Amino acid sequence: MKVTDVKSFIVDCFRTNWVFVKVYTDEGITGIGEATLEYKEKSLVGAVEHIKEYLVGKNPLEIEKHWHAIYRDAYWRGGAVLMSALSAVEMALWDLIPPEESNDFCHRLVDHGRAVCTARTHPYCDQCCLNDICPKNGV
């Protein structure tokens with residue numbers, strides 16, 4: 001699965017306009033996130049466009065990897081606009097995970113975007129709080 005497009009939608013709501021982000025994939029699956037930031041709708045849309053440049057063509061299920069790449073590649077990290085846009089894209093990416101793969105969720109939390117989960121080779125792995133739901137334990 002690859003990301004094909006990322007679009008922003010501004011919804012008029014009287015005083016505070018809502019901003020929604022939709023991530024499209026080549027398999028026809030879409031994910032939706034929300035990035036509302038009062039009186040900064042156009043800035044948010046611009047930040048999402050920058051994120052789109054990075055994300056199109058990549059595997060959307062490598063969520064933590066993308067989050068760190070987008071956040072760390074910014075010269076001036078943080079700020080309300082970048083973090084709101086990144087939050088919306090992250091929500092949309094999590095929304096893309098098929099329900100049948102939700103058992104792998106705890107492994108995604110431990111994996112943090114690396115190809116190999118080094119936490120599962122730790123000598124105290126059996127004492128991990130996620131041990132009873134970890135797919136590596138046959139669950």
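Contact is taken here to mean heavy atoms within 4.5 Å. The model described is a predicted one.

The secondary structure of the protein chain comprises 4 helices and 3 strands. Read from the N terminus, the order of these elements is β-β-β-α-α-α-α. Of the 139 residues in the protein chain, 32% are classed as buried. When contacts in the protein chain are restricted to residues at least 6 apart in sequence, 51% of them join residues at least 24 apart.

Helix α3 covers residues 80-95. The 16 residues of α3 should span 22 Å at 1.5 Å a residue, and the end C-alpha atoms of the helix are 22 Å apart, so the expected and computed spans agree. The buried residues of α3 are L82, S84, A85, L86, A88, V89, A92 and L93. The cover over these buried residues is provided by both strands and helices, including β2 (18-25), β3 (30-34), α1 (41-55) and α2 (63-72).

Helices α1 and α2, which are among the elements covering α3, also contact each other. In general, a pair of packed helices is described by the angle between their axes together with the distance between the axes. For α1 and α2, the axes come within 11 Å and cross at roughly 125°. Angles over 115 degrees but not over 145 count as oblique, and α1 and α2 are therefore oblique to each other. The crossing of these two helices is right-handed. On the α1 side, the contact involves I51, Y54 and L55, which meet K65, H66, A69 and I70 of α2. By class, the residues in this contact of α1 with α2 are 5 nonpolar, 1 polar and 1 charged.

One of the α2 residues in this contact is H66. The relative accessibility of H66 is 1%, and because buried means under 20%, H66 counts as buried. With residues up to four places away in sequence left out, H66 touches Y54, L55, K58, N59 and P60. Of these partners, Y54 and L55 belong to the α1 side of the contact between α1 and α2.

Outside the helices, Y39 is located in the loop between β3 and α1. The phi angle of Y39 is near 65°, which is a positive value in a residue other than glycine. Y39 has 53% relative accessibility; the cut-off for exposed is over 50%, so Y39 counts as exposed. The two elements joined by this loop, β3 and α1, are both included in the cover of the buried residues of α3.

Methods: Residues numbered from 1 in each chain as written. Predicted model: local features only at pLDDT ≥ 70, side-chain atom pairs only at ≥ 80, totals over all residues. Heavy atoms only, no water. Expected span 1.5 Å × (residues − 1). Buried < 20%, exposed > 50% of the residue type's maximum accessible area, 1.4 Å probe, protein only. Axes fitted to C-alpha atoms, helices over the stretch in contact; angles between N-to-C directions. Parallel < 35°, antiparallel > 145°, perpendicular 65-115°, else oblique. Left-handed = near helix turned anticlockwise from the far one by under 90°. Nonpolar A, V, L, I, M, F, W, Y, C, P; charged D, E, K, R; others polar.
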